Amino acid sequence: MLGGVLIVLFTLCAVRIDASVDSLMVVATDTTLSDDARVDLLKQAAKDDETGAAMHALGRLYMEIGGVSKVHSAERWLKRAINKDKENGTYLASLAEYFWRIGRRTTAITYAKRGIERDPNNVLPLYWAARFEMWEMTKTLDAEQVDYNYGDDARVTQVTFSLEKYGIEARNAAIGLLTRAVALAPDYWPIHHLLGLVYFEGRMEGELVALFEDYLERHADNVNAHFFLGLGYQAQDRLKPAFEQYREGLKQMAPQDQRFMMSVFVLADPGST
């Protein structure tokens, strides 16, 4: 929910909106209201909004509510927002996210790329384009393709091809998009989180360590950043600093979360008990 509020507030700051529309949109972020009440507020705001911001917020709210009945409503309102402001990368990124959520990933990358072209300094289209490239990377980095050749003499020959080069291409594309996003928004956590996953899955532990050492200098209270750094150290066989990072991350968690994480560690390494 916090991510949705941040996107709405980012939109409010990025475009000039009529004061009455602005007020309705702010009230609609109140999660203590019913979904229907929030929808009504945003529909009222959309009537007088020439920027598309209220339509965008309504599309995102429908995505948040979820359910089959809301799928087409989300798409419809997000497209109406884009028709109001075709250069708005935030609107295009939300439509990319929508298509990603419903499994239409090649459509998602189309809108993400369009957002990058039209709004190159917006990190949200960069993020969703990188999500697609990471998805491609995980499909092909360690994959193989088998071709069968059926000869005239009823013999079948089998040839195996590695798809690693395609995985490396996708990995490098994701890294290019995400490092560009980090330069634009050096403290935006979702970008670091995704780049950390790309580095880890792509077996780039040196880059993983450097990324989170830098991030933790500014955000020492980020639990997940400590775990990422621990993973990087562990991949480098630097077990003592890895242990320190895991311990620091656990120390910052609530007791119930600590117990859950420690149970995960025990399941992963039964010999540790």
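The following exercises, each with a worked solution, concern the aromatic pairs and helix packing of a predicted model.

**Exercise 1. Overall make-up**

Determine how many helices and strands the chain contains, and what share of its residues counts as buried.

Solution. Begin with the secondary structure, where the chain shows 14 helices and two strands. Turn next to burial: of the 273 residues of the chain, 42% count as buried. The accessible surface comes to about 15,000 Å², and carbon and sulfur atoms account for 53% of this surface. Finally, consider the contacts with a separation of 6 or more, of which 50% are made by residues 24 or more positions apart.

**Exercise 2. Rings between helices 10, 11 and 12**

Classify the aromatic pair of W189 and Y215, and then the pair of F212 and F228, and work out which helices each pair ties together.

Solution. A pair of aromatic rings is described by the distance of the centres and the angle of the planes. A search of the whole structure finds eleven aromatic pairs. For W189 and Y215, the centres are 5.3 Å apart and the planes stand at 50°; since stacked pairs need planes under 30 degrees apart and edge-to-face pairs over 60, this pair is tilted. W189 belongs to helix 10 (residues 189-201) and Y215 to helix 11 (residues 205-218), so the pair joins parts that are 26 residues apart in sequence. Y215 is buried, its relative accessible area being 3%.

For F212 and F228, the ring centres lie 4.7 Å apart with the planes at 0°, and the pair is therefore stacked. Because F212 lies in helix 11 and F228 in helix 12 (residues 223-235), this pair ties together parts that are 16 residues apart in sequence. Both F212 and F228 are buried.

**Exercise 3. A ring cluster and two charges**

Identify the residues that ring pairs link into a cluster with W100, and find which charged residues sit over the rings of W100 and W135.

Solution. Following the ring pairs gives a cluster made of W100, Y127, W128, F132 and W135. Over the face of W100 lies R105, at 4.1 Å from the ring centre. At W135, the charged end of K139 sits over the ring, 4.0 Å from its centre.

**Exercise 4. The buried residues of helix 5**

List the buried residues of helix 5 (residues 68-84), and establish which helices they pack against.

Solution. The buried residues in helix 5 are S73, A74, E75, W77, L78, A81 and I82. Checking their partners then shows that these buried residues pack against helix 3 (35-47), helix 4 (53-65) and helix 6 (89-101).

Terms used:
Residues numbered from 1 in each chain as written. Predicted model: local features only at pLDDT ≥ 70, side-chain atom pairs only at ≥ 80, totals over all residues. Heavy atoms only, no water. Phe/Tyr/Trp six-rings, centres within 6.5 Å; stacked < 30°, edge-to-face > 60°. Helix = DSSP H or I, 4+ residues; strand = E, 2+ residues; numbered from the N terminus. Buried < 20%, exposed > 50% of the residue type's maximum accessible area, 1.4 Å probe, protein only. Lys NZ or Arg CZ within 6 Å of the ring centre and 35° of its normal. Contact = heavy atoms within 4.5 Å. Areas by Shrake-Rupley, 256 points an atom, 1.4 Å probe, with all protein chains shown as cover.
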